[in-house]
Amino acid sequence: MQWTKVLGLGLGAAAFLGLGIILGHFAIPKEASVSAPQDLDLQILETVMGQLSASRIRDNLRELSRDPHLATSPRDEDLVQLLLQRWRDPESGLDSAEASKYEVLLSFPSQEQPNLVHVVGPTGDIIYSCRQTEENLTGEQGGPDVVQPYAAYAPPGTPQGLLVYANRGSEEDFKELQTQGINLEGTIALTRYGGVGRGAKAVNAAKHGVAGVLVYTDPADINDGLSSPSETFPNSWYLPPSGVERGSYYEYFGDPLTPYLPAIPSSFRLDLANVSGFPPIPTQPIGFQDARDLLCNLSGTLAPTTWQGALGCSYRLGPGFRPDGGFPADSQVNVSVHNRLELRNSSNVLGIIRGAVEPDRYVLYGNHRDSWVHGAVDPSSGTAVLLELSRVLGTLLKKGTWRPRRSIVFASWGAEEFGLIGSTEFTEEFFNKLQERTVTYINVDISVFANATLRVQGTPPVQSVVFSATKEIRSPGPGDLSIYDNWIRYFNRSSPVYGLVPSLGSLGAGSDYAPFIHFLGISSMDLAYTYDRSKTSARIYPTYHTAFDTFDYVDKFLDPGFSSHQAVAQTAGSVILRLSDSFFLPLNVSDYSETLRSFLQAAQQELEALLEQHSISLGPLVTAVEKFDAEAAALVERISTLQKGSPDPLQVRMLNDQLMLLERTFLNPRAFPEERYYSHVLWAPRTGSVATFPGLSNACSRARDTAPGSEAWAEVQRQISIVVMALEGAAATLRPVADL
């Protein structure tokens, strides 16, 4: 009967609805209430600052860096269990902690056939061999788990040819060699780190017919020119002559087989033949001790002054060795690479503190776990801080003393060294949820490069919260300066709004913040303590990615006493609490105006005359920047007015969402079709020389030498339109939500 069927359906629906209400009631934390006025508790903040312990961070680092923990190795998985144990501790753990695995494509050297570099005489006899391993100076460089220096993802092969010196391996460097009349076909190129990315060296070399690439670290770039054993580790922080920087030579980030898809069983995987981004020719890193023997025996034209280094000889270009040197003049270099690709399971570990009022808003704090060898600095200095910070917050949580307004997510990413793999797979798998709910991403990879000053990279809205945090924390070392006051001594800029302030660096793609800012459009920052640039020219800390990056290296030379580690923990802790507990999100969108104004000014000064010659106007861009300025200032004023009263929490929630979602408005996934994952129109890679909007700068650089009306000039116009629409969208996002 029809009426009984209708009645039955109605009763069933009512029962289902009632069950849903009951389940919903018990699923929501008892503390949760949209009307709750919970705000940052300064007493809790002070407690956290006081409980973060330098000695505990030191103990963490000793344990984390005790053994090599290459991604997916047994020790790497042991550390997964260590994190889970800490985050599930009944007295200091978090609400939940889980590990998730992704099956990803990694690259390893063959244990049966080690990679080799030889100088070979005219009859094929081996005259000279580069070291296969680093010198065992402290008893930690010779263990079975110390991976041989290699260029991850470089293809196997055994090229042999005359040696040439190609400086940093940029496209311009190889063109310079051709200008000098050097035939690069079939040669082996010796390049030094820096200038361009690792993988780009091999890509540029292959374009010019080079058969193989060697890469070394020049003492001029990392050791301030010092290179003798008495001047280097274990006698100082400088890199020993046998030290070799390992690294990924894959040009993109994420799992190579599953771009834009998480590396889970249900995802489509590319055929290996269709994977792009790997070095096209065999590549192998070597120590500067071996590089000296090769480079100082080269023949040919004297290299340009800017190509000279600190190996103790005059660098020449080659090809081949000089007759009066240590090798016969017609000797060649043989590079034997036996790397192999393997599918491996790599783990991310997530620890969650559930928010009391807004559990659906996430403050993410992450650091990768895997290292090339012991990785005391990279990344264990960051993980040591991560564990201490989560311990202090977890203890307050378990005691019932505190629960944040918003949820806090701690993350230990896997396989970062192979190309930001763990974090990228996570952002791919949870793309929509993270875009809708994430307030900010805080990255602390290497927490301490050295002990001079704080260094922060980030998007403009995070500037204010970092400034507020650092003004309240005492800087390590003598005197009574705050971290902020110490920071401003080393890195500063003149702001038209604030006067002299510390300068924030911009975010590239050097660590796990990359997928969050470039792919998801989440306001992000990267925190670290670093060195005094006036006292060293080091490109990065000297033992980077080598077997000399050990606990003793940190303990003796980088941060004795671990006060800089503690300072980073306090800074990160203060930032996390301010972002997770503050009623009004401490993100200042009007700080983006300075960036936009500087980009616009550079475009007007450097490009406007050229653009006018092609009937392209910057007028719409000027208007869009002005509109953004006005809406940002108006939003700041509305927030200020509300803060003086007793605002409706739902009204504050709407404003906070405007602050949170601003960064997303700068995404355009079709803006840079040639760039994988890069969709942020303000922070995409800039190859053009003008420090303006990257798409405009790059397009103008490509169009300069083309005819009027060409496709290249049409692309310039397209890029201006892309930026204008992004700024219009950003301004619309900042307007009152009822105004369409």
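Are Phe467 and Tyr484 buried or exposed? Phe467 is buried, and so is Tyr484, where buried means under 20% relative accessible area, exposed over 50% and partly exposed in between, with a 1.4 Å probe and protein chains only. The model on screen is predicted, so local features need pLDDT of at least 70 and side-chain atom pairs count only at pLDDT 80 or more, while totals for chains, interfaces and linings use all residues. Residues are numbered from 1 along each chain as its sequence is written, and side-chain values use heavy atoms, with hydrogens and water left out.

**Confidence**

Colour the chain by pLDDT, the predictor's confidence in each residue from 0 to 100: the mean is 94, and 95% of the residues reach 70 or more. Then select residues 1–35, where the pLDDT is below 50 and where the model has 12 contacts beyond near neighbours in sequence, a contact being heavy atoms within 4.5 Å. Where pLDDT is low, the predicted coordinates should not be read in detail.

**Helix 3**

Select residues 54–64, which make up helix 3; helices (H or I, at least four residues) and strands (E, at least two) are DSSP runs numbered from the N terminus. The buried residues of helix 3 are Ala54, Ile57, Asn60, Leu61 and Leu64. Looking down the axis of helix 3, one finds these buried residues within an arc of 115°, so they line one face of the helix, the arc being that of the directions from the helix axis to the C-beta atoms. An α-helix has 3.6 residues a turn, so residues three or four places apart point the same way. Add helix 4 (74–87), helix 9 (376–399), helix 15 (551–558) and helix 16 (563–581) to the view, since these are among the elements that cover the buried residues of helix 3.

**Salt bridges**

Stay with helix 3 and show the side chains of Glu63 and Arg75, which meet in a salt bridge at 3.4 Å, N to O; the term stands for a side-chain nitrogen of Lys or Arg within 4 Å of a carboxyl oxygen of Asp or Glu. This pair links distant parts of the chain, with Arg75 in helix 4 and Glu63 in helix 3, 12 residues apart. Arg75 is buried, with a relative accessible area of 10%, whereas Glu63, at 27% relative accessibility, counts as partly exposed.

Move next to Asp221 and Arg192, whose closest N and O atoms are 3.1 Å apart in a salt bridge. Asp221 belongs to helix 7 (residues 219–222) and Arg192 to strand 7 (residues 188–192), and the two are 29 residues apart. Asp221 counts as buried at 9% relative accessibility, and Arg192 counts as buried at 2%.

A further salt bridge joins the side chains of Arg198 and Glu245 (3.5 Å, N to O). Arg198 lies in helix 6 (residues 198–207) and Glu245 in the loop between helix 7 and strand 9 (247–248), 47 residues apart. Arg198 is buried with a relative accessible area of 18%, and Glu245 is buried with 2%.

To see a network of salt bridges, select Glu358, Asp360, Arg361, Arg405, Arg406, Arg653 and Asp657, which are linked in this way. The count of salt bridges comes to 32.

**Aromatic pairs**

The count of aromatic pairs comes to 40; rings of Phe, Tyr and Trp (its six-membered ring) pair if their centres lie within 6.5 Å, and planes under 30 degrees apart count as stacked, over 60 as edge-to-face and the rest as tilted. Select Phe233 and Phe557, whose ring centres are 6.1 Å apart with planes at 80°, so the pair is edge-to-face. Phe233 lies in the loop between helix 7 and strand 9 and Phe557 in helix 15, so the pair ties together parts that are 324 residues apart in sequence. Phe233 counts as buried at 3% relative accessibility, while Phe557 is partly exposed, with a relative accessible area of 26%.

Return now to Phe467 and Tyr484, whose ring centres are 5.3 Å apart with planes at 85°, so this pair is also edge-to-face. Finally, select Phe108, Tyr150, Tyr153, Tyr250, Tyr252, Phe278, Trp372 and Phe418, which form one aromatic cluster.
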